[in-house]
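The following report describes a single protein chain, beginning with one strand pairing and moving on to the packing of its interior.

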Amino acid sequence: MSVSPPLSARSYNSILDLKLTPKAKGWVVQKFGGTSVGKFSRNIVDDIVKVYSKANRVAVVSSARSSNTKSEGTTSRLLKSADLAADNGDFQSVLDIIEEDHIQNAKDSISDKQIQEKLINDTKAELKRAQELLRACQVIGEISPRSLDSVMSVGEKLSCLFMTASMNDRGLNAEYIDLSDVIPIDYDFHDGFDDAFYKFLSEELGRRVVKLADDVVPVLTGYFGVVPGGLLNGVGRGYTDLCAALVAVGIQADELQVWKEVDGIFTADPRKVPNARLLDSVTPEEAAELTYYGSEVIHPFTMEQVIKAKIPIRIKNVENPNGNGTIIFPDNLGRRGEDTPPHPPAAYETLSNSYIASHKKRSATAITAKQDIVVINIHSNKKTLSHGFLAQIFATLDNLKLVVDLISTSEVHVSMALQIQPDQEPHLKHALLELRKMGTVDVTRKMTIISLVGKQMVNFIGIAGNMFKVLADNRINIEMISQGANEINISAVINDKDTIRALQSIHAKLLEGTFGFDDHVESALDLRLEALKFA
Ligand SMILES: Nc1ncnc2c1ncn2[C@@H]1O[C@H](COP(=O)(O)OP(=O)(O)O)[C@@H](O)[C@H]1O
Ligand SMILES: N[C@@H](CC(=O)OP(=O)(O)O)C(=O)O
């Protein structure tokens, strides 16, 4: 099988400096999610890691295994075991399920008896440590964020022990690297997750990788250590993407590859919109916006670190390794080590200047939907919004860890849209009690936020109008409207039952047509991608 070489920062640079001499094999960081490890470990080893190892040094970063869905995966089970321990419940039965699942998997997947036996023993030892920790927590009757982090880390440890064994079993020289101690216990987090912390962490991760012999494939746990307040609060689920990004920065990788079970980023969720198209490239801002508003393609924290280091991110499909995937990279080029050039870059600026004035057309990159939304309307008791009214509302929500996705305000009225998962219902109830002290509150449930995302939308007049017209033509009622300050996102809150109809009709109207301007923007992007491939 042949694979296209990574479009490295080095390749980007070489467009500008064609006299670059051949270099040693560049690093590619490959991140695999839990369900990919659970379902496609053999493809990962044979069709991906082995193939890329021929032309590159490969570093693998893996999440905890999920044999079916993430919600039934190892991390979710470990979190459940921690809850049970804190409530004096039967956490051992959950650990037993995890053990059974991993041991059966070792037996089914590893043929070399010695490697298999070692994997089973290592798996049992990790789970024994988790059992001891949870027993101690049960005695105290509480789980601290630090203990929860340690319990959660077991998922990535088990998964990476397995991936290492699987690679060694299939002829690669792989080495397991546990990152759970990468942050020293006395590290001074004076400003939380600030630049100094990310710099320290990426350098430390890099050190652990570059010291390995040339033929070794490091397999790093996507869990990266105990942080104040806990990794779940600080980064949230999906933290392995961030870990992989920091590894990529630490070793100055040519490319960060995030392998999923989808060909890349589409113009809409392909499960909901059959006509959705695969996008060649998106900007980091668009990727972050899409992820935040329902298309969970990549953890939003990932982009900042990697893009700052000018490392392209590529989303690829474990079931289709030959596909080009989607590249996430800013639409302005610069040399590594230099500041990013001003935005928009010259070519794009020329396009915008000459075309926007004459082609007042619509153009967007993708449409996404975020479900399980609750809309809260608050009418202030006072005649005008009193000083501190909004501050009071946000303080109440913040204390209960409820995050507002959209907000719109008028003189005495505030509307907010929030995603509420079933386990947040008690917090919502509590928040409503507090908010009712400030005014009249009404609540609408079973709503969805539909967001149209696109970097180029800022240059188009009337795109919001077109989106709302499509909804109106389809008799879809709009509860709330918002345009992000960055002007790359236009959102509307609609009834949950209208979601698919809204996605498909907006997609058909705004993302499937060929507009004069779109053709030029797309061909400019295509040219850029071609140039990069050629380089
Ligand atoms: N715009 C989009 N492009 C690609 N996938 C999307 C988009 N919106 C939603 N999705 C969904 O996101 C999922 C991401 O892929 P998957 O590999 O299943 O995730 P994970 O790595 O979390 O297991 C896919 O199932 C896909 O249907
Ligand atoms: N295992 C963790 C971290 C993670 O990144 O997972 P995934 O890569 O499968 O989204 C979780 O379930 O949240």
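Strand E10 (residues 404–409) and strand E11 (residues 413–419) run antiparallel and are joined by five bridges, where two strands are said to pair if DSSP finds at least two bridges between them. Val404 stands opposite Leu418 in E11, and the two strands E10 and E11 form a hairpin with three residues between them. Helices (H or I, at least four residues) and strands (E, at least two) are DSSP runs, numbered from the N terminus.

This is a predicted model, in which local features need pLDDT of at least 70 and side-chain atom pairs count only at pLDDT 80 or more, whereas totals for chains, interfaces and linings use all residues. Residues are numbered from 1 along each chain as its sequence is written, chains are lettered from A and ligands numbered from 1 in the order in which they are written, and side-chain values use heavy atoms, with hydrogens and water left out.

The chain has 17 helices and 14 strands. Of its 535 residues, 53% count as buried, meaning under 20% relative accessible area, with exposed set at over 50% and partly exposed in between (1.4 Å probe, protein chains only). Among contacts (heavy atoms within 4.5 Å) between residues at least 6 apart in sequence, 78% join residues at least 24 apart.

In soluble globular proteins, nonpolar side chains tend to be buried together. A nonpolar core is here a set of buried Ala, Val, Leu, Ile, Met, Phe, Trp, Tyr and Cys residues joined through side-chain atoms within 4.5 Å. The largest such core holds 56 residues, of which Val29, Val247, Leu256, Ile265 and Ile328 touch the most other members. Among the elements that give two or more residues to this core are strand E1 (27–32), strand E2 (57–62) and helix H7 (195–210), while H9 gives the most, with nine residues. Apart from this core lies another, of 27 residues, including Val58 and Trp259. Leaving aside residues up to four places away in sequence, Val29 touches ten residues' worth of listed partners, among them Ala59, Val61, Val247 and Leu256.

Two residues that are not glycines have a positive phi, as tabulated below.

| Residue | Phi | Location | Relative accessibility |
|---|---|---|---|
| Gln252 | about 50° | loop between helix H9 (239–250) and strand E5 (255–260) | 36%, partly exposed |
| Lys446 | about 55° | strand E12 (residues 439–453) | 65%, exposed |
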